Amino acid sequence: MNTEPEKPFQTLSSRVAYQNPWITVREDTILRPSGEEGLYGVIEVKDSSVIVAVDAKERICLVREYRYAAQKWCWELPMGGIGSDTPLVAAKRELEEEAGLQASSWHELGSSRMHTGLFTERQYVYVATDLTKGAAKDAD
């Protein structure tokens, strides 16, 4: 039996500190369970799809992306924002845009929230197999 309060933090006020087409940074004034007031920063980000594309030789596809925040090139799984699409439609689009691949078999592993102390984003994870090559497209 869970005896924890449903929402141990109470939001007293909320304001948008910064916003652009990709993120909203919100600052909330909160009441902690101890009764003390505090500030909490939240970054609202659209949900995304992450693709684990596995070829016939059981190799996993990684893409090389320059990540401005890290100030370096990174190898990572293909992924991207969902927007108004379904998570699967977004996954198919991102695999083709970033890796130049299409898959005829898709399996949803589930979803998770990364960095839950800061971000609102949910990531949907798919395994893509039976891959065929296409042409990678330039995507921002």
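Q: At what relative accessibility does Leu-88 count as partly exposed?
A: This model is predicted: local features need pLDDT of at least 70, side-chain atom pairs count only at pLDDT 80 or more, and totals for chains, interfaces and linings use all residues. Residues are numbered from 1 along each chain as its sequence is written, and side-chain values use heavy atoms, with hydrogens and water left out. Buried means under 20% relative accessible area, exposed means over 50%, and partly exposed is in between (1.4 Å probe, protein chains only). Leu-88 falls in between, so it counts as partly exposed, at 28%.

Q: In which element is Leu-88 found?
A: Helices (H or I, at least four residues) and strands (E, at least two) are DSSP runs, numbered from the N terminus. The chain has one helix and nine strands. The element that holds Leu-88 covers residues 87–99 and is helix α1.

Q: What distance separates the C-alpha atoms of Leu-88 and Glu-37?
A: Let us look at the whole chain too: along its principal axes, the C-alpha trace spans about 55 × 40 × 25 Å. Leu-88 and Glu-37 are 51 residues apart along the chain. The separation of their C-alpha atoms is 41 Å.

Q: What share of the 140 residues in the chain is buried?
A: Strand β4 (48–53) gives a good local example, as six of its six residues are buried. For the chain of 140 residues, the buried share is 24%.

Q: Which residues of β4 are buried on the side opposite Ser-48, Val-50 and Val-52?
A: In a regular strand, side chains alternate between the two faces of the sheet. In β4, both faces are covered, with Ser-48, Val-50 and Val-52 buried on one side. Buried on the other side are Ser-49, Ile-51 and Ala-53.

Q: In what order do the strands of the four-stranded open sheet stand?
A: Two strands count as paired if DSSP finds at least two bridges between them. The pairing in this sheet is mixed, and its edge strands, β7 (79–81) and β8 (101–112), each pair on one side only. The order of the four strands is β7-β4-β9-β8.

Q: How many bridges join β4 to β9?
A: With β7, β4 runs antiparallel over three bridges, and Ser-49 stands opposite Gly-80 there. With β9, β4 runs parallel, and the bridge partner of Ser-48 is Gln-123. The bridges that join β4 to β9 number six.

Q: Which residue of β9 is the bridge partner of Ser-111?
A: β8 and β9 (residues 123–133) run antiparallel, joined by ten bridges. In β9, the partner of Ser-111 is Tyr-124.

Q: Why is one side of β1 and of β3 left without a neighbour, and which strand stands between them?
A: The three strands form an open sheet with antiparallel pairing, in the order β1-β2-β3. β1 (10–19) and β3 stand at the edges with a single partner strand each, so one side of each has no neighbour in the sheet. The strand between them in that order is β2.

Q: Which residue of β3 is the bridge partner of Thr-24?
A: β2 and β3 pair in the antiparallel sense over nine bridges. In β3, Thr-24 has as its bridge partner Glu-44.

Q: Which residue in the turn of the β5 and β6 hairpin has a positive phi?
A: Strands β5 (residues 63–67) and β6 (residues 72–76) run antiparallel and are joined by five bridges, and Tyr-66 has Trp-73 as its bridge partner in β6. Four residues lie between the two strands of this hairpin. The residue with a positive phi of about 60 degrees is not a glycine; partly exposed, with a relative accessible area of 48%, it is Gln-71.

Q: What positive phi does Glu-58 have?
A: Glu-58 is found in the loop between β4 and β5. At 68% relative accessibility, Glu-58 counts as exposed. Although Glu-58 is not a glycine, its phi is positive, at about 65 degrees.
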